[in-house]
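Visitor: Please take me slowly through one part of this model, the place where nonpolar side chains gather, and tell me which residues I should look for there.

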Amino acid sequence: MITGEQKPFEEIWNMVKDFKKVLVFGCNTCVAICHAGGGKEAEILASLLRMKASEEGIAIEINHNAVERHCEPEFFQPVMEDIRTYDLILSTACGVGVNLLSENIGDIPVFPAINTEFFGAVPRAGEFTELCAGCGNCILHLTGGICPIARCSKSLLNGPCGGTNNGSCEVSPDIKCAWVLIYDRMKKLNKLDLMKEINEAKDWSKAQGPRNFKVKVLEEIKK
Amino acid sequence: MNKAVESTEEAKAPSIEKPHETPEGWEPNILAFACHYCAFAAADLAGVMRLSYSPNVKIIRLPCTGKLDQIYVLRAFEKGIDGVFVAG
Ligand code: SF4
Ligand code: SF4
């Protein structure tokens, strides 16, 4: 899922303070799970902004709403007529949602209320961790299912580097060295011989944006 | 402490609201969220014992204080409540 954290309140306030009618628009999927931008967080943010506006003596109408996803138009189309009555949409969706809504809404600005971070796993409720960086050319079959692109601080394809430190990465004792994890995993899988092979340079062109693809079968059906 | 450190610490500290003048005879509006099973029952008992409390305190019964949501507290402040009291 996509993770993100709400921007500092002052930054958000500076974005909205010059508008007259603002909708705090939540997304009830990924960003709701990370307690950053679901309907609940949108409602809380709208309330805080209203109180700030009244404290500053500024008249702004601030409401909230949320839909299940901002990354597929069919979810926000039903409320489009209503959201077009605002002069600013403060979206608490991820950057994908903000981009897509901006493209669809016409001449109304859509601003981000959260900083979108990574797509991550949820090992425990309230904890998020980056395990894959979406490089477009997966090599997990060579690394025991542990991604060195996302989990090694230097994204080394052949590690570990000289800085590996008793299982930790030299960048921080809190980061596990991905290549030690890979080694341990390969040992368990009885595949240590793979560690001796040099992984050749990856085709990074597949990791560069803008990226897009179409499902071929669906394209054929459409024809 | 050297000046540079002091000033960055000052910059980091959240701005503190200036205290407002309290008008003569002003009473704060207090809202209490009380758990049905303990604090609310205690308030009930206080009533039975004919104990009185300030009329500027209003009580809302919750099935459990676990039901309290941030937005209830924020709505209370938005509607002009000065202090929220949670008991459970
Ligand atoms: S190799 Fe690429 S696609 Fe595979 S897990 Fe790592 S970042 Fe993701
Ligand atoms: S110590 Fe390990 S995780 Fe850190 S940069 Fe080196 S190989 Fe990568």
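Guide: What follows stays mostly with that one part and builds it up residue by residue.

This is a predicted model, in which local features need pLDDT of at least 70 and side-chain atom pairs count only at pLDDT 80 or more, while totals for chains, interfaces and linings use all residues. Residues are numbered from 1 along each chain as its sequence is written, chains are lettered from A and ligands numbered from 1 in the order in which they are written, and side-chain values use heavy atoms, with hydrogens and water left out.

The largest nonpolar core (buried Ala, Val, Leu, Ile, Met, Phe, Trp, Tyr and Cys residues joined through side-chain atoms within 4.5 Å) has 17 residues, and those with the most contacts inside it are A:Val16, A:Val22, A:Val24, A:Leu49 and A:Leu90. Four elements of chain A each give two or more residues to this core, namely the helices α1 (9–16) and α3 (39–56) and the strands β2 (21–27) and β4 (88–91), where helices (H or I, at least four residues) and strands (E, at least two) are DSSP runs numbered from the N terminus. Of these, α3(A) gives the most to the core, with 5 residues.

If you pick out A:Val22 and leave aside its neighbours within four places in sequence, you will find it in contact (heavy atoms within 4.5 Å) with A:Val16, A:Ile60, A:Glu61, A:Ile62, A:Asn63, A:Tyr86, A:Leu88 and A:Leu90. Apart from this core lies another one, of 15 residues, which includes A:Phe76, A:Met80, A:Leu100 and A:Ile108.

Now turn to A:Trp13, whose place is in helix α1 of chain A. A:Trp13 counts as buried because its relative accessibility is 3%, and buried means under 20% relative accessible area, with exposed over 50% and partly exposed in between (1.4 Å probe, protein chains only). Once its neighbours within four places in sequence are left aside, A:Trp13 is in contact with A:Leu49, A:Lys52, A:Ala53, A:Glu56, A:Ile58 and A:Ile60. A:Leu48 is 35 residues from A:Trp13 along the chain, yet the C-alpha atoms of these two residues are separated by 9.6 Å.

In soluble globular proteins, nonpolar side chains tend to be buried together.

To end with a look at a ligand, the residues that surround ligand 1 (a heavy atom within 4 Å) include A:Cys132, A:Cys135, A:Cys138 and A:Cys147.
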